[in-house]
Amino acid sequence: MAVWIQAQQLQGDALHQMQSLYGQHFPIEVRHYLSQWIEGQLWDAIDLENPQEEFKAKRMLEGLIQELQNKAEHQVGEDGFLLKIKLGHYASQLKSTYDRCPLELVRCIKHILYTEQRLVREATNSSSPVGSMMDSMSHKYQQINQAFEELRLLTQDTENDLRKLQHNQEYFIIQYQESLRIQAQLSSLASLPPADRQLREPALLSKRATVEAWLTREANTLQKYRLDLAEKHQKTLQLLRKQQTVILEDELLQWKRRQQLAGNGAPPEGGLDILQSWCEKLAETTWLNRQQIRRAEHLRQQLPIPGPIEELLNDLNSTVTDIISALVTSTFIIEKQPPQVLKTQTKFVATVRLLVGGKLNVHMNPPQVKATIISEQQAKALLKNESTRNDSSGEILNNNCVMEYHQTTGTLSAHFRNMSLKRIKRSDRRGAESVTEEKFTILFESQFSVAGNELVFQVKTLSLPVVVIVHGSQDNNATATVLWDNAFAEPGRVPFLVPDKVLWPQLCEALNMKYKAEVQSKRGLSDENLMFLATKAFSSNPESDCRNMTMTWSQFNRESLPNRNFTFWQWFDGVMELTKKHLKPHWNDGAILGFVNKQQAQDMLLSKPNGTFLLRFSDSEIGGITIAWVAENPNKAGERMVWNLMPYTTKDFSIRSLADRISDLNHLLFLYPDRPKDDVFAKYYTPPLSKAVDGYVKPQIKQVVPEFATANHDAASGNPTYMDHGASPAPLSHPHSYAIYPPMSDSMLDGEGEFDLDDTMDVARHVEELLRRPMDSQWSGPQS
């Protein structure tokens, strides 16, 4: 309801735009009286591209109608009686309109809500100090709208001139016919007697001279009118071409660039409603001028007058055709890109849209769109207008789709819902290039005509680069190729060239964008995190200035890091995957420092009390995180040291969560710098298991570090809540402790003071296995 309240405060053009959203397809009264209900529904939860979602849309329609009927029933009084009838009528009208196509109702309401929110946001930003970017955008939109107003006035002016020219020409033809009639009369005098001829001839000759003089003057005037009109059309087309350049080469290209960056996690590219409205205005204005030029050409043919006008009109006709052709071919775009990492034998979707389709009535004869996968070389040849002999680099199933017109939103689009790449044909690779560096693209093409086949257009558009994989193990490296391409592609490039090296700050921006999107967090990479990554990438002193350093593609994802068997990207991607799947809340809480090496962790912890710990990503393992903590050195009294647990991975967290593992380790007391661990992690602990049911005890796994294991009893019951066994166990204080597995005399610490997590988890799994055995055999062992 808050949006509707603000929408009612709109003024001027914004209010007009808001009002234009409503009509018989969705009355504004329904929006007003059901505003709270409408804004409270989860419209975005319905996927318009999925026909199986129709039942959800049906429920929304039924709910809307029910709300309308309830609202109508509660109306009282004289005014209420009229409103009751009106709301009841709207309920019947909406049911009749959308009963067979409930998804269209959802599409309509989503469009209305999105546009209202945009209009309110723009109005709010224009009246508040929200930075110069919004002001600049508002100024740009104002300039575009002013240019459209100028074009409208110019087109109206030429229309008036054309009508005047037509009127004058029609009168000229009448006078010309009069001249012919006079000439015919003069010719007929030859058959008359000389006396009669002399009597009538002077008057006819005088009249003929007068008419011919007028025709000569008027012919010159008409010629001038024609030339003036042609010059005005030239001016209009120049402004039209300039406006089209701003919209297609600035605004639309920026939208496409935002769409590409969204593939790396940037904010969504935004809707196409404003762009479509601009393109439709271009189409309408261009078409009106084209019709005027053709009418001027028709007038010239009707009354040929020697002069340069014929050539001028030919040039104008050619120019206006070029303008409309460029508009149509440029506004055939991909609204929803296919996945850029495309796995064979896997369903995928895409949507293409013609922004001027509704205005040019293309939907009257709905065109079909075909999708084909082509290689980088084939894409280059296509853009050079070289024949590719209809070659493709693979076979896509369900690759044909008819464009549909949506009346409520005025959009013409084709939704490919069930495409699948059956096979792929790879080209010969260059040098060290791997299959996950080979780029393809999906070519969408169609053909349609406008104005009764008067103009026929063949349109084509290429998707963003696609990397084809056949196995999930290739996803990591394929994503690296896509990220590099999306981040560093130059506008108007030759497919699909990207720089081989980039400045480190540019790469940092791309990595930060990707990280926040993957982890779905507002907490991005700090300057300290990026400095750590620079140290890892360049093996350089973290104090050095990295702003002018460059990183090559080979350093990014071809060459392994020093003393490792994985690349920089593979390590970074592993961190993102682990955080996304298991550590997201802890990262968002700021509990994970993450990007800290072992030496930094030691320096930080040694200045803190014993039991202080931090979480850092493993240097040596992809997708690993370790706990480092400070404690006494058991081999040297009075000396403290920093311990590092063997890294946890996704496999470990699928068994027991990070919070529960930290809870298990009683020697961990404070999260660096000084936060009690329960204050940070308690809300994520798994609740205690319920008591035994029907004589069965549920097993529980506990993480133990043998050298730091202590007895942990359930104070309420007096029984151990679980059993653990350290490397050097101390006697448990409770008499009912059971020897489930033999004590281990050897330490689980490696030479660098890191615990072998696999060994400790093997013990835990052994406990779990034993606890699953029948009760009699499980507890038949001797009690200690």
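In this predicted model, glutamine 345 is situated in the loop that runs between β2 (341-343) and β3. The backbone of glutamine 345 adopts a phi near 60°, a positive value in a residue other than glycine, and the residue counts as exposed because its relative accessibility is 55%, where the limit for that class is over 50%. A second case of this kind is provided by asparagine 398, which has a positive phi of about 55° although it is not a glycine. Asparagine 398 is likewise placed in a loop, here the one between β5 (394-397) and β6 (400-402).

Strand β3, which covers residues 347-354, is largely enclosed by the rest of the structure, since 6 of its 8 residues are buried. On the one hand, β3 is joined by 4 bridges to strand β1 (residues 332-336), and these two strands run antiparallel; within this pairing, phenylalanine 332 stands opposite leucine 354 of β3. On the other hand, β3 also pairs in the antiparallel sense with strand β8 (residues 411-424), in this case over 7 bridges, and arginine 353 is found opposite serine 413 of β8. In a regular strand, side chains alternate between the two faces of the sheet.

Two cis peptide bonds may be described next. One of them joins proline 495 and phenylalanine 496, with an omega of about -20°, and phenylalanine 496 belongs to the loop between α13 (475-488) and β12 (501-503). The other joins tyrosine 672 and proline 673, with an omega of about 5°, and proline 673 is located in the loop between β17 (670-671) and β18 (675-676).

Aromatic contacts were examined across the whole structure, and the search finds 27 aromatic pairs. Among them is the pair formed by tyrosine 515 and phenylalanine 595, which is edge-to-face, with 6.1 Å from centre to centre and 65° between the planes. This pair links distant parts of the chain, given that the two residues are 80 residues apart, with tyrosine 515 in helix α14 (residues 504-519) and phenylalanine 595 in the loop between α17 (568-588) and α18 (598-605). Tyrosine 515 counts as buried because its relative accessibility is 0%, and phenylalanine 595 is buried as well, with a relative accessible area of 3%. A further aromatic pair is formed by tyrosine 648 and phenylalanine 653; it is tilted, with 5.4 Å from centre to centre and 45° between the planes. Both tyrosine 648 and phenylalanine 653 are buried.

With regard to cysteines, a search of the whole structure finds 0 disulfides. Cysteine 101 counts as partly exposed, at 31% relative accessibility, whereas cysteine 279 is buried, with a relative accessible area of 1%.

At the surface, a nonpolar patch of about 320 Å² is made by Phe81, Leu82 and Ile85. Of these residues, isoleucine 85 lies in helix α6, which spans residues 77-98. Isoleucine 85 has a relative accessible area of 48% and is therefore classed as partly exposed, the exposed class being reserved for values over 50%.

Technical notes. Residues numbered from 1 in each chain as written. Predicted model: local features only at pLDDT ≥ 70, side-chain atom pairs only at ≥ 80, totals over all residues. Heavy atoms only, no water. Patch = residues over 30% accessible without salt bridge, like charges linked within 9 Å, V, L, I, M, F, W, Y side chains within 5 Å. Areas by Shrake-Rupley, 256 points an atom, 1.4 Å probe, with all protein chains shown as cover. Salt bridge = Lys/Arg side-chain N within 4 Å of Asp/Glu carboxyl O. Buried < 20%, exposed > 50% of the residue type's maximum accessible area, 1.4 Å probe, protein only. Pairing = 2+ DSSP bridges. Disulfide = S-S within 2.5 Å. Phe/Tyr/Trp six-rings, centres within 6.5 Å; stacked < 30°, edge-to-face > 60°.
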